[in-house]
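Here are my notes on this one, point by point. Have the model open while you read.

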Amino acid sequence: MPPILAPIAMALTAGAYTVTAASLTSFVVGTALSIGASYALGRIFRKKPPAQASLARQLEDIQRTVRSPVAERQIIYGRAMVSGPIAYAEQTGSNKEYLWLALPLAGHEIDAVEEAWLNDKLSTDPAISAYVSYWVHPGTATQSADANLIAASAGKWTSAHQLKGIAYLVVRLQFNADAFPTGLPNIRALSRGKKVYDPRTDTTVWSNNWALCVRDWMLDSDYGCGLTTADIDDATFIAAANISDESVSVPSGNQPRYTCDGVVLAGSADPWTILESMLTAGAGYVTRPMGLWGLYAGAYRTPTVTYSEKHLRAQIAVRPRPQRSDLFNAVKGTFADASNGRKANDFQPQTNATYETQDGGSRIYRDINLPWTSDPYAAQRIAKIVLEKSRQGMTATMPMKRDALQNLPGETVLIDNTDLGWSAKPFMISELLSNNDLTVDYALQEEASAVYAWASGDATTVDPAPDTNLPDPFTVAAPTGFALASGTAQLYIRQDKTVFSRIKASWAVSDQHVTSGGRIEVQYKQSADATWENAPQLDGAATFIHILDVQDGVAYDVRVRAVNNMGVRSSWVTSSSHTVLGKTARPSDVNTFMLDGKTLSWSTVSDSDLDGYRLRYQPGLNRASASWGNALPMHEGLVLVSPFTPVRFPDGQVTIMVKAVDTSGNESENAAVIQTDLGDPLADNVVFEIDQHAAGFVSGTITNGSVDGGSGDLIADISGSLIWNSDDTADMWLSVAEPMWITVSYEEMLFEITLTSTNAENVKMLISEMMVGDITQIEYRRQGPQAMWLEQSANLIWNAAGTTLMWDIPDYQPWPGEITSKYEPYDFRFKTGFGKVQGRISALKFQWDFPDIVEKMNDQAIALGGTWLYPSKAFAAIQNVGLTLQDDGGSAISARVDSKLYWAVLVQCFDSNDAQTTGSVDATIQGY
């Protein structure tokens with residue numbers, strides 16, 4: 001038994017039948033529809049279908065020509081537009097003007113390729129037909145290798161390349177810039193796919209009959225469900241095939257009732273999940289009574305058996321309607337539109353004004369995907385069945401006498417019951433329910449022939465199967481449009497900025513006996529609790545309430561009911577498992593972000609729960625990959641208002657980001673970003689400099705780049721994409737040894753270098769650079785202390801395990817603009833991104849900048865012949881000395897510096913005859 005069916009239990013273990021009830025995949029509209037026999041429409045009815053790529057994405061993927069060494073095999077049923085991976089590419093011709101391609105289409109034999117498309121043009125289009133040739137190999141077990149490719153490939157494609165069992169195209173393209181202005185075109189083939197067995201004729205031929213395609217997939221032992229013919233009831237498949245072939249009138253003429261046209265990617269999903277999606281094309285389901293799988297198309301099966309009170313051993317239990325939260329009155333969705341290149345398209349929604357009125361005047365849509373349906377009218381017909389089936393919401397449990405059991409799940413029966421007002425009312429048997437006393441109940445689902453009626457898209461305007469013909473004057477309609485909301489818009493904030501979360505419950509009531517003199521009752525609880533709590537009682541005209549004292553991140557259930565002025569209550573309408581969003585909700589994104597000089601300004605967000613803003617930056621122009629988590633802060637705490645001028649501003653090319661922050665510390669989802677060049681960093685005393693550009697970048701390691709011989713710039717390599725030159729007179733290859741076309745994109749380039757800082761400690765290290773590219777990044781890290789050596793040995797000191805150095809080398813981090821360096825090695829990485837802009841480093845200098853030092857030495861006595869002044873601060877160089885002669889009563893009238901060393905200055909005093917004398921001075925010494 002396939003894994004997806006593991007939960008199935010024996011519904012009846014004694015008596016005339018043995019049935020595995022179809023707890024398969026629920027044929028459900030909420031909990032009201034419980035057609036256990038269904039394994040198909042349940043998928044359409046689900047509110048939240050299984051996580052998967054959208055239908056548009058699925059169809060796009062199978063129609064895209066890709067370059068890949070591996071690809072999933074495709075199985076084509078009916079007609080489908082497909083492409084495939086480039087399994088082989090070769091250029092030929094005296095000027096390499098021909099490109100040969102081999103494109104696998106399917107992992108099995110196909111019937112034919114009806115059309116070939118290049119981008120959005122048919123191969124027969126006069127604009128390209130002269131430059132396109134193709135040959136089809138259907139994938140037979142005896143097919144030979146393509147003779148044209150053997151002849152053109154000079155022995156690379158040989159007679160051994162037969163690709164038996166694989167359908168593929170050989171395509172030859174002749175270069176022409178007008179025919180293929182964007183380069184290599186996307187190649188697609190409209191293909192008639194797999195040949196399927198027809199038990200009605202005992203033949204295996206191509207067909208898009210829905211039932212035959214489903215049968216083939218269920219029996220497919222390579223990729224499908226892996227059943228055998230002994231596992232299936234062919235009588236039901238034959239009946240479903242005949243229904244599928246029935247002619248249906250549509251505005252464009254006539255068409256088969258159900259077809260199956262699409263593609264399976266082998267291994268992309270469980271085969272039973274794929275079966276589930278295929279069943280949607282026939283609005284049908286599969287069952288497994290008596291141990292055999294049966295198939296039923298979406299059609300009314302005329303009942304031949306009528307049950308009445310005499311067949312019952314107890315009263316019928318009836319559930320008249322599904323929950324309000326599970327109702328819908330309109331169906332929309334997408335299908336694989338054959339008139340639009342088999343691309344995803346919306347079909348005309350199926351609506352019903354009567355149902356809208358019943359639901360309080362609101363149109364409630366259910367979205368469905370029909371990946372195996374290619375005709376818009378067929379899609380509408382299936383959508384109408386989905387809509388009408390959802391309104392047959394009555395279910396019943398019918399306790400049967402043993403001698404009355406005549407039918408199996410999936411069959412339609414008629415029910416007479418005077419108490420319920422039923423006269424020959426049709427129901428489908430959804431399940432057989434066995435009891436401990438070996439009695440059996442029928443689980444019934446309301447059915448109607450009008451569900452499947454079709455008049456060229458005309459919607460049914462009334463419920464085709466009224467629930468009862470007995471009047472009920474004491475019915476109060478439940479509130480409609482019940483919805484819960486929480487989050488930023490529902491927060492309550494006090495003046496002290498304390499934030500409280502609330503749930504807003506809203507609804508609509510149309511019963512005037514409720515709105516005039518009636519009341520609304522609301523209850524709530526945490527989903528994990530069993531006891532409901534009462535909210536304040538409301539007037540009948542109320543349409544919403546705020547539920548207070550709820551906790552963020554906790555799931556709640558809320559229910560509401562209407563009470564008319566006679567005290568008659570409606571049923572509860574419940575919304576379950578609403579997780580409260582409050583202080584956990586992110587604030588809105590900042591929309592506008594501007595820079596004027598060194599002042600930043602931005603548009604304020606309108607969120608009521610706002611605490612301020614946070615600004616960060618990254619060196620480089622990195623809008624495409626700006627990483628908030630790795631960015632550097634521009635301030636402490638939060639910035640409260642705009643505009644804002646940071647105390648310290650970064651230098652050079654920089655990406656600046658801003659996010660809003662709420663009172664709980666939650667940040668905006670996305671940062672607003674500015675990219676700019678703020679110029680070279682300011683330096684005080686550059687005493688040491690390494691110019692990598694001038695040195696030809698020889699000290700580092702270059703990846704995907706080279707030094708340009710003319711400019712000396714470091715430039716990124718050209719990538720290897722297959723895109724033709726727009727100049728049709730130019731070569732299509734880079735060199736004789738490189739067979740493909742000129743590219744318009746460039747590789748990600750990396751320049752890595754290790755430098756040891758100058759031998760002075762705590763000096764400022766700067767980088768002056770000029771980089772361009774789709775993105776640019778600068779990163780650095782310290783290597784750690786200098787390598788330590790064992791005495792009289794050339795071995796590094798290792799850790800106790802003998803595997804790594806005893807010190808840690810940290811991870812790379814963004815360059816902050818400048819650092820205070822140590823006398824140790826530093827690793828640097830300069831990166832330009834892959835893209836349309838060629839990465840280029842046109843300037844790169846490393847600079848070590850010593851800070852200014854100033855020291856004042858007052859009341860210094862100068863002896864005859866001069867005195868050396870020794871400052872207390874450690875100068876690397878003394879640049880300027882300012883002297884002020886004191887009036888000490890002596891003969892000195894001037895003072896001057898006679899000599900300077902980096903650690904001292906010699907000062908002398910002179911009298912009016914310019915002769916040396918004694919004196920006293922104040923000295924200001926400046927340097928670094």
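1. Start with D914, which sits in the loop between strand 60 (905-910) and strand 61 (916-917). Strands here are DSSP runs of E with at least two residues, helices are runs of H or I with at least four, and both are numbered from the N terminus. Phi of D914 is near 60 degrees, a positive value in a residue other than glycine. With a relative accessible area of 47%, D914 is partly exposed; the cut-offs are under 20% for buried, over 50% for exposed and partly exposed in between, using a 1.4 Å probe and protein chains only.

2. A word on ground rules: this is a predicted model, where local features need pLDDT of at least 70 and side-chain atom pairs count only at pLDDT 80 or more, while totals for chains, interfaces and linings use all residues. Residues are numbered from 1 along each chain as its sequence is written, and side-chain values use heavy atoms, with hydrogens and water left out.

3. D202 also has a positive phi in a residue other than glycine, near 55 degrees. Look for D202 in the loop between strand 12 (195-198) and strand 13 (203-206). Its relative accessible area is 56%, so D202 is exposed.

4. Now for a cis peptide bond: one joins S642 and P643, with omega at about 5 degrees. P643 belongs to the loop between strand 42 (632-633) and strand 43 (653-661).

5. Is K194 buried or exposed? K194 counts as buried because its relative accessibility is 16%. The residue is in the loop between strand 11 (187-192) and strand 12. Which side chains does the K194 side chain meet in polar contacts? One is that of D216, at 3.0 Å, and another is that of D220, at 2.9 Å. A polar contact here is a pair of N or O atoms within 3.5 Å; within protein, one must be able to donate a hydrogen and the other to accept it, and residues adjacent in sequence count only if both atoms are side-chain atoms.

6. Beyond its neighbours within four places in sequence, K194 is in contact (heavy atoms within 4.5 Å) with residues including I75, I76, Y77, H108, E109 and W206. Y77 is a good one to click on next. Leaving aside neighbours within four places in sequence, Y77 is in contact with K194, D216 and D220, and also with C213, W217, M278 and W372, among others.

7. Y77 leads into the largest nonpolar core, which has 51 residues; Y77, W210, M218, M278 and L295 are those with the most contacts inside it. By a nonpolar core I mean a set of buried Ala, Val, Leu, Ile, Met, Phe, Trp, Tyr and Cys residues joined through side-chain atoms within 4.5 Å. Elements that each supply at least two residues of this core include strand 3 (74-77), helix 4 (210-219), helix 6 (271-279) and helix 8 (376-391). Helix 4 gives the largest share, eight residues. Apart from this core lies another, of 27 residues, among them L101, L118, I128 and V171.

8. The hairpin at strands 14 and 15 is easy to check. Strand 14 (residues 247-250) and strand 15 (residues 253-256) pair in the antiparallel sense over four bridges, and two residues make the hairpin connection between them. S247 has P256 of strand 15 as its bridge partner. Pairing requires that DSSP finds at least two bridges between two strands.

9. There is also an open sheet of three strands, in the order 29-32-36 with antiparallel pairing. Strand 29 (480-485) and strand 36 (544-547) are the edges, each pairing on one side only. Four bridges join strand 29 to strand 32 (residues 503-508), and T480 stands opposite A508 in strand 32.

10. V673 is in strand 44 (residues 672-677) and counts as buried, because its relative accessibility is 18%. The C-alpha atoms of V673 and V590 are separated by 9.4 Å, with the two positions 83 residues apart along the chain counted as their separation.

11. Finally, the overall tally. The protein chain has nine helices and 62 strands, and 48% of its 928 residues count as buried. Of the contacts with a separation of 6 or more, 70% are between residues 24 or more positions apart.
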